[in-house]
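Colleague: Got a minute to walk me through this one? I'd like to start with the strands and then look at the rings.

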Amino acid sequence: MANVTAKQLSEVIGVSVEKLLDQLNAAGVVVDGSDDPISDEDKLKLLESLRSSHGKGEGDGPKKITLRRKSKSELRVSGTSGRNTTTKTINVEVRKKRTYVRRVDVEAEEAKIQQEAESEAEEQTRMLQEQVEAETRQAEEAAQAEIEAARLAQEEVIRAEAEKKAYEKSLQEVEAAQKVIEQQRAESEAAEAAEEAARIALEAAAAASAAATTTDSKPGKHGKHEDKGTRYGRKELHVKESAHQPNRKQKFKKGQRQVHDIKNQHAFEKPTAPVVRSVEIPEAISVADLSQRMAIKAGDVIKVLMQMGTMATINEILDRDTATLVVEELGHNVVAAASEDDFEKELLAITEQSDEDKVTRPPVVTIMGHVDHGKTSLLDYIRKSRVTSGEAGGITQHIGAYHVETEKGIITFLDTPGHAAFSAMRARGAQATDIVVLVVAADDGVMPQTKEAIQHARAAEVPLVIAVNKIDKENADPDRVKNELAALEVIPEEWGGENIFISVSAITGEGVDSLLDSILLQAEILELSAVDKGNAKGIVVEASLDKGRGPVATVLVQSGLLQQGQLLLAGTQYGRVRAMYDESAKPIKSAGPSIPVEVLGLSGVPNAGDEVFVVENERKAREFATTREAKIRESKLSDQHKAKLQGMFDVMAEGEVAEINVLIKADVQGSSEAIRESLEKLATDEVRVKLVTTGVGGINESDINLAAASDAIVIGFNVRADAAAKRTAGDYGIDIRYYSVIYDIIDDIKAVMSGMLSPDSQENIIGLAEVKDVFRSPKFGDVAGSIVVEGVVRKGQPIRVLRDNVVIYEGELESLRRFKDPVEEVRMGTECGIAVKNYNDVKPGDQIEVFERIEVARTID
């Protein structure tokens, strides 16, 4: 190729002249200007320089090139579906790939493969030689082992023959001893028989001589004297029965099995000493269980209790002290049953984690405060969601657990209800939290639930951060809130106290960033840490029964790592974690400390507040759950026993108490608990609510049957009855009431209870008459001539006789007359004659007070 100038070359390769000159100078080609010629050797130098500058040498090109080709086509297939003929179109895609390899690389690869094959052949030869040597060595060892086994077998045969000879010799000696014993027994039996024959002969001789000398016998039929005892005058010979010979006179039917009566022989002997057992006694035990543990009859236990002055039945529940006295009285030993603390210590030992692996964890913050003070709205602004609108009535009725990722860090929030009925929920929230944010409305001030939240926080010993909400309102007064809280010993920092006060607005978002900064600052001061791996441990925040998913528990992980597939123990329930979801219902595989999750897979609905542990195997989980359930059952039995006695005394002291039977089914455990506590607080001395049962989940047919048997009202809180339950309720006439706000349940039950209260009797004075003179009547006795000074005097109403403003008699108005004519009533300023029934001591100057009794309906406050 002819030489070209630098300018022409730059136009060909598409770069500027200045850049081309720089590249040529870098390649060692000296070019002064754009018009200088460039030879082919200069071009090769430039090319090598560019390759080396881009990291590519001569051998750095691609070793192989792969070409891919893809073609698409359609395939039509006809078929029949019933009577119709259908045609299906199937898309067919054919993919082809071809790879081209550089020849140099192929030769190098073939040489490498040949070298590897040679080394592999050498390795196989070496391994084959080692295998032959090992097989030879094993064959020699096997032959040596066979020789040793043959020697041992020969020794065993010799020893067996010697043992056989010794056994035969001992057997012969035993047979000889048995023969001697048989011979001695035969000689003793012969001697006994001889003695018996001699005794019988002596008795017969004595009887014969006595008969000859003392009896006056008559001749018999054959001219001989007969004995009165026998037909022919002979004595009956008594022969000793043998255990091996049946009575010859006894006849057996054909085919009947003859059973020999072997006397004085039995299979076992009566124990000579009483059996002493070690009896474990729990806190409460029934009479039946106690007798079963001592292996005696329940009647014996009841007899001992009666001797101790206690009348008990077989199902009576005994406390530990009484059961101990009964066991000791019956001669057995008492062993203290394993306490629940031992099992809890074992469970804690299983889940114990090392403190060396602790890491910083997010804080768990509980939002508390009075109802309608803006707790959930404040959390909404932080979470950028709308939770308040989802709650019935605009109030929070569940514990909401939320995991919030803010710009300043991760925070876990627990939103607790503010209504008075949910005090147990707030107490649970305070126990599981690190920091309590107390929300107080600036326009409302401190309210009853605000004080209760402060008490819960102090009981849990967690720091308080005060959020003064609703400062955007016109009547907001934050200073009033500070003064009221200072009276409750909650002192702001600016006043020299320890509590942080932040003014916020859940509507505008004012002060929210300062609140988050204060929470994270408080968390840094607390130095919160937990282990983020190993077996997880946590607490059940809320639990419910979902018809499609089964028992669902909201668990707050406190330490460790909770993973899907692990075995979980929550209170008396256990199971393998089938699925986990976060607060947004997104499935997750694991959760670390301070993260709330929804867990599926438990055997039942746990109680809110139960501790959660991860156990290693199902056997341990079942053992712990069974132990806890037995403990709870014993405690319930003991409480029922005490309640029965207390209820008996209460009925004796107060008389009959009306009861309203109620069956409650709720959507979550916390709501059921809140409803139960609220209804129990409505009880009075005359009427009370009796809870037949409380549960979680929809209303089913068994619930209706139970309500029909106990004549109960069925209450469904955020749940509904299925078709079978509705049909059964219609047949029995059961009232099913659905509610979504707890206020409505309390108001309706109050109305029902108020209707069962006996009305109050009130007295209303309707008239007053002053006695002017007393007349004597033959029919009514003393008649008071009076004048009505106040109100009206009616016939048939009760009266009181007052003398000097002191009541001296209370009775009835027997007769009311005016001018000898009976009247029904006499008004003020009119004279009349009044006869008081069964009272004849009326004097002038007395006052007769007429009143009426009216009944006023009572209500439950």
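Modeller: Sure, and keep in mind that this is a predicted model. Let's begin with an open sheet of eight strands, paired antiparallel, in the order β21-β20-β26-β17-β18-β25-β22-β23.

Colleague: Which strands stand at the edges of that sheet?

Modeller: Look for strands with a single partner, because one side of such a strand is left without a neighbour in the sheet. That picks out β21 (573-576) and β23 (587-588).

Colleague: Take β20 and β21, then: which residue in β21 does L569 stand opposite?

Modeller: β20 covers residues 567-570 and pairs with β21 in the antiparallel sense over four bridges. Across from L569, the residue in β21 is Y574.

Colleague: On to the rings. How is the aromatic pair arranged, stacked or edge-to-face?

Modeller: The structure holds one aromatic pair. Its members are Y809 and Y839, with 4.5 Å centre to centre and 15 degrees between the planes. Planes under 30 degrees apart count as stacked, so this pair is stacked.

Colleague: And how many residues apart are the two partners?

Modeller: Y809 and Y839 are both buried. Y809 is in strand β34 (residues 806-818), while Y839 is in the loop between β37 (831-836) and β38 (847-856). The pair links distant parts of the chain, 30 residues apart.

Colleague: What ring does the charged end of R800 sit over?

Modeller: There's an arginine over a ring elsewhere too: R549 lies over the face of Y581, at 5.7 Å from the ring centre. For R800, the charged end is 4.0 Å from the centre of the ring of F851.

Note on methods: Residues are numbered from 1 along each chain as its sequence is written. This is a predicted model: local features need pLDDT of at least 70, side-chain atom pairs count only at pLDDT 80 or more; totals for chains, interfaces and linings use all residues. Side-chain values use heavy atoms; hydrogens and water are left out. Rings of Phe, Tyr and Trp (its six-membered ring) pair if their centres lie within 6.5 Å; planes under 30 degrees apart count as stacked, over 60 as edge-to-face and the rest as tilted. Helices (H or I, at least four residues) and strands (E, at least two) are DSSP runs, numbered from the N terminus. Buried means under 20% relative accessible area, exposed over 50%, partly exposed in between (1.4 Å probe, protein chains only). A charge sits over a ring if NZ of Lys or CZ of Arg is within 6 Å of the ring centre and within 35 degrees of the ring normal. Two strands pair if DSSP finds at least two bridges between them.
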